[in-house]
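Reader: Could you walk me through one helix in this model and what surrounds it? I'd like a close look at a single part, told as one connected story.

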Amino acid sequence: MSYPAYQYETEPDQENSMGHELSQPSHQPVLLNESIHSLAIEPNGSYLDATFGRGGHSKAILEQLGHNGQLFVLDRDPQAIEVARRLAEEDPRVTVLPGTFSCLDDLLGDQVKLNGALFDLGISSPQVDQSERGFSFQQDGPIDMRMDNQHGMSASDWLNRASEEEITWVLSQYGEERFSSEIAKHIVQTRARSPIKTTKQLVEIILAVVPSMAAGKHPATKVFQAIRMHINDELSEIREGLPLVIEKIVTTGRLVVISYHSLEHQLVSDVLKRSPANTDSTSNKPRLKKLGQAVRASRDERLSNRRARSALLRTWEKKS
Ligand SMILES: C[S@@+](CC[C@H](N)C(=O)[O-])C[C@H]1O[C@@H](n2cnc3c(N)ncnc32)[C@H](O)[C@@H]1O
């Protein structure tokens with residue numbers, strides 16, 4: 001079976017991967033062969049793809065699973081869930097879990113044990129490419145930025161309500177943005193005249209404060225990343241979700257995580273090092289042991305998929 005061509009982008013400064021119908025964005029799963037290899041799939045095992053997206057990794061997992069294997073697929077994005085449901089209609093091995101990492105305990109229930117779990121963090125190309133989702137500063141649209149665009153507060157609502165201090169904090173913590181206080185001040189001044197509703201308005205605010213293209217990056221890159229991370233509570237989701245999955249993984253089972261920026265890399269390491277869920281109560285040693293070195297995408301993959309440039313794949317195995 002051949003896999004569909006997938007393309008994902010976490011950083012909205014990346015070239016748009018459009019050139020296709022909006023209803024059918026192109027996607028390219030990152031580190032596909034490497035992640036499947038790292039999962040060391042047992043044909044009759046149970047696996048979790050915690051970040052289904054458009055199912056690039058899921059389909060590759062299914063390729064390796066036998067008739068009695070099981071694949072649980074999670075996503076908080078209603079469009080991703082729609083695609084997952086179509087896959088589940090065709091393949092009885094697939095169980096769809098609509099929801100977030102932090103709800104995995106309830107979604108999987110007490111009985112489920114996993115031989116492996118994959119987290120491919122961040123956002124998908126379909127999310128970036130649809131201007132109405134508001135993730136991209138390269139296209140004008142409503143600033144929404146919710147992965148689950150049916151619940152919670154949009155980025156526009158937040159930008160028009162949050163205090164200048166809170167905006168400064170978010171831009172500095174999640175975007176490591178040098179001009180966070182200047183941008184926050186300009187946001188608050190602008191919204192006093194009229195509400196900020198579109199990505200174009202926000203880009204104009206940022207350009208007025210950060211005029212240059214530092215290191216070839218669009219000045220809005222960090223601000224958009226920061227707001228997206230805040231709106232989707234991305235770091236808390238990782239902090240809460242990983243320990244829940246550690247509990248479910250059986251001895252010799254694998255956890256594979258692909259992360260895309262320094263805050264994610266660091267947090268994943270911290271959770272795996274410090275979470276009580278990963279500490280054996282009798283020996284005080286980690287229950288999951290890191291296997292080998294972190295893996296980066298090959299030169300070819302980095303050239304053909306910009307998102308792969310920052311990707312880091314790490315694997316852990318549960319000890320007896
Ligand atoms: C990088 S994409 C995954 C792409 C996927 N591996 C593929 O090949 O199609 C990340 C996906 O995870 C979802 N996601 C991110 N954080 C999540 C969370 N906390 N809970 C549930 N889904 C999440 C996003 O909505 C997005 O669809």
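Author: Before we start, two residues count as in contact here when they have heavy atoms within 4.5 Å. Keep in mind too that this is a predicted model.

Let's take helix H10, residues 221-231. Of its 11 residues, 9 are buried, so H10 is largely enclosed by the rest of the structure. The buried ones are Thr-221, Val-223, Phe-224, Gln-225, Ala-226, Ile-227, Arg-228, Met-229 and Ile-231. What do they pack against? The partners are helix H6 (155-161), helix H7 (164-175), helix H8 (180-193) and helix H9 (199-209), plus H11 and H12.

Now for the domains. The assignment splits the protein chain into domain 1 (6-126 + 234-318) and domain 2 (149-231). The C-alpha centres of the two domains are 29 Å apart, and their contact takes 13 residues from domain 1 and 12 residues from domain 2.

H10 also matters to the bookkeeping of the largest nonpolar core, which has 60 residues. With 6 residues, H10 gives the most to this core. The core draws at least three residues from each of domain 1 and domain 2. The members touching the most other members are Leu-48, Phe-119, Ile-227 and Leu-255, and Ile-227 is one of the buried residues of H10. As a general point, nonpolar side chains in soluble globular proteins tend to be buried together.

Phe-119 is worth a stop of its own. Leaving out residues up to four places away in sequence, Phe-119 touches Ala-50, Thr-51, Phe-101, Leu-104, Leu-242, Val-245, Leu-255, Val-256, Val-257 and Ile-258. Apart from this core lies another one, of 29 residues, including Leu-31, Leu-39, Ile-41 and Ala-84.

Back to the end of H10: just after the helix, Asp-233 takes a positive phi of about 50°. Then there's H11 (residues 234-248), which packs with H12 (residues 262-274) at an angle of about 35°, the axes being 10 Å apart. Their crossing is right-handed. On the H11 side, the contact uses Glu-234, Leu-235, Ile-238, Arg-239, Leu-242, Pro-243 and Ile-246. Across from them, H12 offers Leu-263, Glu-264, Leu-267, Val-268, Val-271 and Leu-272. By type, the residues of this contact come out as 10 nonpolar, no polar and 3 charged. Leu-242 turns up here in the contact with H12, and it is also among the residues that Phe-119 touches.

How values were computed. Residues numbered from 1 in each chain as written. Predicted model: local features only at pLDDT ≥ 70, side-chain atom pairs only at ≥ 80, totals over all residues. Heavy atoms only, no water. Axes fitted to C-alpha atoms, helices over the stretch in contact; angles between N-to-C directions. Helix = DSSP H or I, 4+ residues; strand = E, 2+ residues; numbered from the N terminus. Left-handed = near helix turned anticlockwise from the far one by under 90°. Nonpolar A, V, L, I, M, F, W, Y, C, P; charged D, E, K, R; others polar. Core = buried A, V, L, I, M, F, W, Y, C linked by side-chain atoms within 4.5 Å. Buried < 20%, exposed > 50% of the residue type's maximum accessible area, 1.4 Å probe, protein only. Domains from an automatic or database assignment.
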